[in-house]
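User: I would like a close examination of the aromatic residues in the structure shown here, together with their setting in the chain.

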Amino acid sequence: MRLEKCWFCSSTIYPGHGMMYVRNDAKIFRFCRSKCHKNFKMKRNPRKVKWTKIYRKLHGKELPQDTTFELERKRNRPERYDRNVVEDTVKAMKKISETRVEREAQFWKNRMRGKKTQQRREDLAELQQGIHLVKAPTALLEEPSLTLPKEKMKVKVSVEQESKAMES
Amino acid sequence: TIRPQTYSNVADNSGARESMRIRVPGASNRQYASIGDMIVAVVREAVPNMPPKGSEVVRAVIARTRKGLNRDNGMAIRFDDNAAVAIDREGNPKGTRVFGPVARESRECHFAKTVSSAPEVLRGIRRNRMMLR
């Protein structure tokens, strides 16, 4: 039994799942589900399809290269069965997948670093532009503390313009 | 599934190119033939100047189908085309080479044996035979 990788999305294909397509040049394509197969039939390039692992690795969304991936690399030479080796491998598999999860989490964290401050800045700018959508201009003038609790911001609102717009 | 009147490519160098299935021998009204079944077919298109002529009746073993197979381990296999290999009445292949991948389910014993010992293997793009496990 062998756990294969889907050609399109790179997810694991467990026994009982998926489909194998053999092209006449003897190239084999394995798919984990019909979604991937259908995309393949549409001749989509997985490198351009956003939800595939290949795309994500290519575009820096996920950990691209790491030593933890080495264990899963396909080895075509069969190894002589050795009980100790099997035992060690099973232990290693567990440890390595834990490490990989940690590293991926770290990668995500690094990727998202600075996102919060950027988000803040963007929100502020949006507020500045569109505060009239949120609060009536008269309310702002009356109680400036009502509107923006944390950030102090100068919001220029012209009351005459608003009333003119409403009349017309 | 190969039904009557189904055209399939001939995947060997016996001289036929395309064949059309007529019957499945052994059952009176058997509709469907799949990978590994022997069929009786008529040669529809042949390589010029070679033994099988158009409209010659020939036996063949189905090597590939688009419908494919379902394996016991749950994996479903589909091929690119429908293809058959021409054999004679005993089950020995008529040609010397088989083109393209072949499923292990081509059950004819003679067929499998001769194919495994086929003389030439085209490496690279097209492989003579690939037994899919």
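User: Among contacts in chain A between residues at least 6 apart in sequence, what percentage join residues at least 24 apart? With that as background, please examine the aromatic cluster closely.

Analyst: The model is a predicted one. Among the contacts in chain A whose residues lie at least 6 apart in sequence, 44% join residues at least 24 apart. Chain A contains seven helices and four strands, and their order from the N terminus is β-β-β-β-α-α-α-α-α-α-α. Of its 168 residues, 21% count as buried. The accessible surface of the chain amounts to about 13,700 Å², and carbon and sulfur atoms account for 52% of that area.

Turning to the aromatic residues, a search of the whole structure yields eight aromatic pairs over all chains. One of them joins W7(A) and F8(A): the ring centres are 6.4 Å apart and the planes meet at 45°, so this pair is classed as tilted. The angle falls between the limits of 30 degrees for stacked and 60 for edge-to-face. The two partners differ in exposure, since W7(A) has a relative accessible area of 30% and is partly exposed, whereas F8(A), at 0% relative accessibility, counts as buried. The cut-off that separates them is 20% relative accessible area, under which a residue is buried.

A further pair is formed by F29(A) and F40(A). Their ring centres are 4.8 Å apart and their planes lie at 40°, so this pair is tilted. It links distant parts of the chain, with F29(A) in strand β4 (residues 28-31) and F40(A) in helix α1 (residues 34-41), 11 residues apart. Here each partner falls under the cut-off for burial: F29(A) has a relative accessibility of 2% and counts as buried, and F40(A), at 17%, counts as buried too.

The residues of these pairs belong to one aromatic cluster, made up of W7(A), F8(A), Y21(A), F29(A), F31(A), F40(A) and W51(A). The cluster member W51(A) also has a charged neighbour: K35(A) lies over the face of its ring, at 4.0 Å from the ring centre. A similar arrangement involves F69(A), a residue that is not listed in this cluster; K57(A) lies over the face of F69(A), at 4.0 Å from the ring centre.

In summary, the cluster includes the tilted pair of W7(A) and F8(A) and the tilted pair of F29(A) and F40(A), and its member W51(A) carries K35(A) over the ring face.

How values were computed:
Residues numbered from 1 in each chain as written. Chains lettered and ligands numbered in written order. Predicted model: local features only at pLDDT ≥ 70, side-chain atom pairs only at ≥ 80, totals over all residues. Heavy atoms only, no water. Phe/Tyr/Trp six-rings, centres within 6.5 Å; stacked < 30°, edge-to-face > 60°. Buried < 20%, exposed > 50% of the residue type's maximum accessible area, 1.4 Å probe, protein only. Helix = DSSP H or I, 4+ residues; strand = E, 2+ residues; numbered from the N terminus. Lys NZ or Arg CZ within 6 Å of the ring centre and 35° of its normal. Contact = heavy atoms within 4.5 Å. Areas by Shrake-Rupley, 256 points an atom, 1.4 Å probe, with all protein chains shown as cover.
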